[in-house]
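Student: I would like a close look at one residue, and then at whatever surrounds it. Please keep the answer connected rather than a list of separate items.

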Amino acid sequence: MASSSLCHFPCYTPSPPSFSKLLSPLSRLKCATSSRAASAASHVAKLSSSLGDITRTDFPILNQEINGVKLVYLDNAATSQKPSCVIKALDEYYQLYNSNVHRGIHYLSSKATDLYEGARKKVAFFINAPQSREIVFTRNATEAINLVAYTWGLSSLKAGDEVLLTVAEHHSNIVPWQFVGQKTGVKLNYVGLTKDGVPDMEEFKQLLSEKTKIVAVHHVSNVLGSALPIEEIVELSHKYGAKVLVDACQSVPHMPVDVQKLGVDFLVASSHKMCGPTGIGFLYGKFDLLSSMPPFLGGGEMISEVLKEYSTYAEPPSRFEAGTPAIGEAVGLGAAIDYLSQIGMHKIHEYEKELANYLYERLLTVPSIHIYGPPPSVPGYRAPLCSFNIEGVHPTDIATLIDDQHGVAIRSGHHCAQILHRELGVSSSARASLHFYNTQEEIDAFIHTLKDAISFLKSYT
């Protein structure tokens, strides 16, 4: 399974000062490199005009044809592709180190434990968490939000309390709080949109009150492409004693995220959106909060002692990681973080801002288009994604045709944001979303095929 391709950016990051023991030889699952490969990468970098040109060869899946045409993958908000070094890290783990963690004293178990806990330290360093025990591995960001809702939420909230959300939240940041509301009588309040199509901060301030016990919001919208001012939200919320949970699935893969600077109480993200494997995500929580929360699931690993009548529980993060965890996936996530760090999140962020502006401007050349979210001219961040509709054409017809005929992969539907789409007055939209391995040439190809598809579909209406 391991790819023979070599990553231009090896899966290796210098050891962070606070985690000096992190990068033992066995925890450095990096891409094999040679002087020839390094020289070739350097030559490519000099000749290439963009980060996308340099990095896309690290992703084997991008080098294929769909229905006889070259793949153009523009569905990165749903899931990102994986570089060769991440695939290699997974392959090496299962070939060389596969064993259960924490419970064995033999060689393989010790090495698997080193790798698994090493990945936790990498996540902590990546988002600047004060300590690695504030990182809980979960199945994905959805499970991480459910963990907070079912543990902190059910033990801390009561009838009369309020949860503050926005209409732009992903279903994963709405449904768990609805569960809590149904069980406790907690009220859910929603912040609406401004005329620019972004969550209204003035309305947020009006809805925030002493009754607000937790603010659960996205960092970057997966439909609007807009970013919330998290530092301001945290400052305002904490004045009322409210906790803040941030869904960072669309920010952690695309920009530097510093939980200490943001001041958040909880933050969640998913590996599969940040060039890592599926099946693993993480929760960051301030340690005093995690320590106060009851377990989420019962079983092995999360216990301290089990008696016939009752059990006592381990300290976080073990308290929230019942059973055998996704060990290989954690190793792959660690490799993905190494890869992203080697490129540099600031570099990724700056390049993707250029792509975002280019995508928006090129879409404006498409007749009868309506793009959701703020234009780049509005102050603030515009993510490298655009959700849109074409007058008189169903978005699923567009997505189907450009994939079948031109190998361009975009998404159509409600993007797990039905409340937002109702607020926008539509049932669904098409969405093109980019990552750092995309290029302006791919955007041009997408626009060309989009116009062709619209002409074809409108000729039959």
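Student: What is the relative accessible area of Glu-329?

Tutor: In this predicted model, the relative accessible area of Glu-329 is 22%. Buried would require under 20% and exposed over 50%, so Glu-329 counts as partly exposed.

Glu-329 belongs to helix 11. If neighbours within four places in sequence are set aside, its contacts are Leu-90, Tyr-94, Pro-277, Thr-278 and Ile-280. One of these partners, Leu-90, is 239 residues away in sequence, yet the two C-alpha atoms are 7.2 Å apart in space. Contacts across long stretches of sequence also figure in the chain as a whole: among contacts with a separation of 6 or more, 72% join residues 24 or more positions apart.

From Glu-329 the next step is the nonpolar interior. The largest nonpolar core has 100 residues, and those with the most contacts inside it are Leu-267, Leu-363, Phe-388, Ile-410, Phe-436 and Phe-446. Helix 11, residues 327-343, gives this core its largest share, ten residues. A second core, separate from that one, has 26 residues, including Leu-147, Val-163, Ala-216 and Phe-320.

Leu-267, one of the residues with the most contacts in the largest core, lies in strand 9, residues 266-270, where five of five residues are buried. As a general point, side chains in a regular strand alternate between the two faces of the sheet. Strand 9 shows this: Phe-266, Val-268 and Ser-270 point one way, Leu-267 and Ala-269 point the other way, and all are buried.

Strand 9 has neighbours on both sides in its sheet. With strand 8, residues 243-247, the pairing is parallel and covers three bridges; here Val-268 is the bridge partner of Asp-247. With strand 10, residues 281-285, the pairing is antiparallel and covers five bridges; here Val-268 stands opposite Leu-283.

These strands are part of an open sheet of seven, in the order 4-10-9-8-7-5-6, with mixed pairing. Strand 4 (135-138) and strand 6 (187-191) are at the edges with a single partner strand each, so each has one side without a neighbour in the sheet. From one strand to the next, the twist averages 20°. Elsewhere in this sheet, strand 5 (residues 162-166) and strand 7 (residues 212-218) run parallel and share three bridges, with Glu-162 and Thr-212 as bridge partners. Helix 5, residues 141-156, packs on the sheet and touches strands 4, 7, 8, 9 and 10, its direction making about 150° with that of strand 9.

Next, the open space. The largest pocket encloses about 320 Å³. It is lined by 15 residues, of which His-219, Glu-231, Met-255, Pro-256 and Leu-262 are the closest to its centre. Helix 8 (230-239) and helix 9 (259-262) each supply at least two lining residues, and helix 8 gives the most, with three.

Other residues of the largest core lead to another part of the chain. Ile-410, also on the list of those with the most contacts, touches Leu-74, Phe-388, Ala-399, Ile-402, Ala-430, Arg-431, Ala-432 and Phe-446, leaving out residues up to four places away in sequence.

A second open sheet has four strands in the order 13-14-17-16, with antiparallel pairing. Strand 13 (369-371) and strand 16 (411-413) form its edges; each has a single partner strand, so one side of each lacks a neighbour in the sheet. Neighbouring strands here are turned by 30° against each other on average, direction ignored. Strand 13 and strand 14 (residues 385-390) run antiparallel and are joined by three bridges, and His-370 stands opposite Asn-389. Helix 13, residues 395-406, packs on this sheet in contact with strands 14, 16 and 17, and its direction makes about 155° with that of strand 16. Helix 12, residues 345-363, lies across strands 13, 14 and 17 and runs at about 10° to strand 14.

For scale, the protein chain has 15 helices and 17 strands, and 54% of its 461 residues count as buried. Glu-329, at 22%, is partly exposed.

How values were computed
Residues are numbered from 1 along each chain as its sequence is written. This is a predicted model: local features need pLDDT of at least 70, side-chain atom pairs count only at pLDDT 80 or more; totals for chains, interfaces and linings use all residues. Side-chain values use heavy atoms; hydrogens and water are left out. Buried means under 20% relative accessible area, exposed over 50%, partly exposed in between (1.4 Å probe, protein chains only). Two strands pair if DSSP finds at least two bridges between them. A nonpolar core is a set of buried Ala, Val, Leu, Ile, Met, Phe, Trp, Tyr and Cys residues joined through side-chain atoms within 4.5 Å. Contact means heavy atoms within 4.5 Å. Axes are lines fitted to C-alpha atoms, for helices over the stretch in contact, and angles run from 0 to 180 degrees between N-to-C directions. On a 1 Å grid over the protein atoms alone, a cavity is a set of points where a 1.4 Å probe fits but cannot get out, and a pocket is an open set with protein on both sides within 12 Å along at least five of seven lines; lining residues have an atom within 4 Å of a point. Grid points are joined across faces, edges and corners, and a volume is the space filled by probe spheres set on the points.
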